[in-house]
Amino acid sequence: MQGTTILWADDEIDLLKPHIIFLTDKGYEVKTCTNGTDALEAFRNNNFDIVFLDENMPGLTGLETLVEIKNINPEVPVVLITKNEEEHVMEDAIGSKIDDYLIKPVNPKQIQLTIKKFTENKRLISQKTSMAYQQDFRNLGMTLNDNLSYAEWVDVYKKLIYWELSLEKLEDAGMHEILTMQKAEANMQFSKFIEKNYAGWLKDPVSAPTMSHQLLRKKLLPVLDPETPTFFILIDNLRYDQWKIINPIIGEYFRVDDEDTYFSVLPTATQYARNSIFSGLLPLDMEKRFPKLWQNDEDDGGKNLYEGEFFSDQLSRVLRRDVKHSYSKILTFEQGKEISENYNNLMGNEVNAIVYNFVDMLSHARTDMAMIRELANDEAAYRSLTLSWFVHSPLLDLIKKLSQKKVKLVITTDHGTIRVKHPSKVVGDRNTNTNLRYKQGKNLNFSPKEVFHIKNPHDAFLPKLHVSSSFIFAKEDSYFVYPNNYNHFVNFYNETFQHGGISLEEMIVPYVTYSPR
């Protein structure tokens, strides 16, 4: 390719003249040297796109030259050319951060393909990815207008995430913009789908997807085994795309047995969704069964203080036997470290539920802390921050330790989160809750087109605080603001990550089971 510069060091470079002529004719610029010392001097004084090194040169060997080159600029790909196929040579090369190697004799086409792999790979991948998405864009567009089932909506969402993660690696603003528009269209249609079907699902579970209150009964409890401890790890507020980027790290230690999803109940907020998971009940039924423990929006105090009690109750209620279990909630790094260091104490339990609050704290912190706001200023950055946390977290330490034992591992969440962009005006009395994606209150005033309005909360198995209480849920990427504080809310919350309402990101969330490798 025109403009690509190559450094080639070989003590028998004269014998490679046909190769040099071939590359020059193809438009490459080739600088040659006969030893490692001259190669290093050339490398220091010029810019090269790729380096070829003979492994067996007098003076500085190819491997020794490689080490020096990587110290100068580790980003330039270096290819070792060797006659020696012995394993220790390859191990030394890999340990010295070689990018590739070729076995002599090499032919000009081999060299050209290697150059293309390193210098044109990004462009070729970009072109192929863009073309593939453009083809799929039309298919997805037609699919969105169909009368989709909940399983088909899961497939649509997974496909959108696949393309989002694929296009993220490309510097193609046009493709990103098209995908963003398609995701917005998908969320608009998905919101209509939820409005049409949600109440029916709760009344007739046979036709419904697995939801928060059914999650443990359908997926976890049937596979419990007194001989094999199960670690049920719920990472709060973990979207499907965030799971996709941490999964390769988990995959180094555990094998995926089943990658699944389920639908969060409404509101997609911790107080409702996570309590439903651990109690196995919808919020209205929780209020009836646990009148002293259930906290409504207007009640003072924490809303998630009794998950351990709810979990114990569900285990005994559903399994009708004693199940040795534990429940732990991790709110700080120190608590995470403590459970990782003392995990052996949990190995005698049939099931251990561990709630990790990090991602939830991150999403809320983004609205409160200027630094986090800058670090997570878009979807890709939000995923990157999640990955960075996970790689350095005590949770990964725990997973590594568990991989050495005979255990089952489950990774899931209670709901996702969406980046909000469109303010929606709402008026309520002073007792109206503060969540930006749903409101519960008396005499709420709002734009009917912009919300999913549940006039009678009992229709959605939600508690009814007053005779005139109702719920409204923000749809797509909107968020509720008060007209008398409009500019403050918009300046503070626009482009932040919120949850509680209706979107693919909030409602379709991962449930993944693993076994040790």
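Begin by selecting F190 in this predicted model, and show its surroundings: leaving aside neighbours within four places in sequence, F190 is in contact with W153, F263, I502, S503, L504, M507 and I508. F190 also belongs to the largest nonpolar core, a set of 97 residues in which F190, I194, Y198 and F232 touch the most other members. Apart from that core lies another one, of 18 residues, which includes L40, L53, M57 and L63.

**The whole protein**

Now zoom out until the full chain is in view. The protein has 20 helices and 19 strands, and its C-alpha trace spans about 95 × 50 × 40 Å along the principal axes. Of its 517 residues, 53% count as buried. Among contacts with a separation of 6 or more, 75% are between residues that stand 24 or more positions apart.

**Helices 8 and 7**

Select residues 173-203, which make up helix 8; this helix has 31 residues and reaches 45 Å from its first C-alpha to its last, close to the 45 Å expected at 1.5 Å a residue. Follow helix 8 along to N197, where it bends by about 45°.

Next, select residues 150-168 for helix 7, whose 19 residues reach 27 Å from the first C-alpha to the last, close to the 27 Å expected at 1.5 Å a residue. Which residues of helix 7 are buried? They are W153, V154, V156, Y157, L160, I161, W163, E164, L165, S166 and L167, and W153 is one of the residues already met as a contact of F190.

**The parallel sheet**

Select strands 1 to 5 together: these five strands form an open sheet in the order 2-1-3-4-5, with parallel pairing. Strand 2 (29-33) and strand 5 (100-103) stand at the edges, and each has a single partner strand, so one side of each is left without a neighbour in the sheet. From one strand to the next, the twist averages 20°.

Within this sheet, look at strand 1 (residues 5-9) beside strand 3 (residues 50-54), which run parallel and are joined by four bridges; here I6 stands opposite I50 in strand 3. Then add helix 3 (residues 62-72), which packs on the sheet by touching strand 3 and strand 4 (78-82), and whose direction makes about 155° with that of strand 3.

Is T114 buried or exposed? Find this residue in helix 5 (residues 108-119); T114 is buried, because its relative accessible area is 6% and the cut-off for buried is under 20%. Not counting residues up to four places away in sequence, T114 touches I50, F52, V79, D100 and L102, and I50 is the residue just seen opposite I6.

**Strand 10 and its partners**

Select residues 408-412 for strand 10, which is mostly covered, with four of its five residues buried. Strand 10 pairs in the parallel sense with strand 6 (residues 230-235) over five bridges, and K408 in strand 10 is the bridge partner of T230. Strand 10 is also joined by four bridges to strand 19 (residues 508-516), and these two run antiparallel; in strand 19, V512 is the bridge partner of I411.

**Helix 13**

Move to residues 307-319, where helix 13 has 13 residues and reaches 18 Å from its first C-alpha to its last, close to the 18 Å expected at 1.5 Å a residue. Show the side chains of its buried residues, which are E307, G308, F310, F311, D313, Q314 and L315. What do the buried residues of helix 13 pack against? Their partners are helix 9 (215-220), helix 11 (270-279), helix 12 (283-289), strand 8 (325-330) and strand 9 (351-356). Just after helix 13, stop at R320, which takes a positive phi of about 55°.

**The antiparallel sheet**

For the last stop, select strands 13, 15 and 16, which form an open sheet of three strands in the order 13-16-15, with antiparallel pairing. At the edges stand strand 13 (438-442) and strand 15 (451-454), each with a single partner strand, so one side of each is left without a neighbour in the sheet. Neighbouring strands here are turned by 20° against each other on average, direction ignored. Strand 15 and strand 16 (residues 469-474) run antiparallel and are joined by four bridges, and H453 stands opposite I472 in strand 16.

Notes: Residues numbered from 1 in each chain as written. Predicted model: local features only at pLDDT ≥ 70, side-chain atom pairs only at ≥ 80, totals over all residues. Heavy atoms only, no water. Buried < 20%, exposed > 50% of the residue type's maximum accessible area, 1.4 Å probe, protein only. Contact = heavy atoms within 4.5 Å. Core = buried A, V, L, I, M, F, W, Y, C linked by side-chain atoms within 4.5 Å. Pairing = 2+ DSSP bridges. Axes fitted to C-alpha atoms, helices over the stretch in contact; angles between N-to-C directions. Expected span 1.5 Å × (residues − 1). Bend = angle between axes of the 7 residues up to and from the residue.
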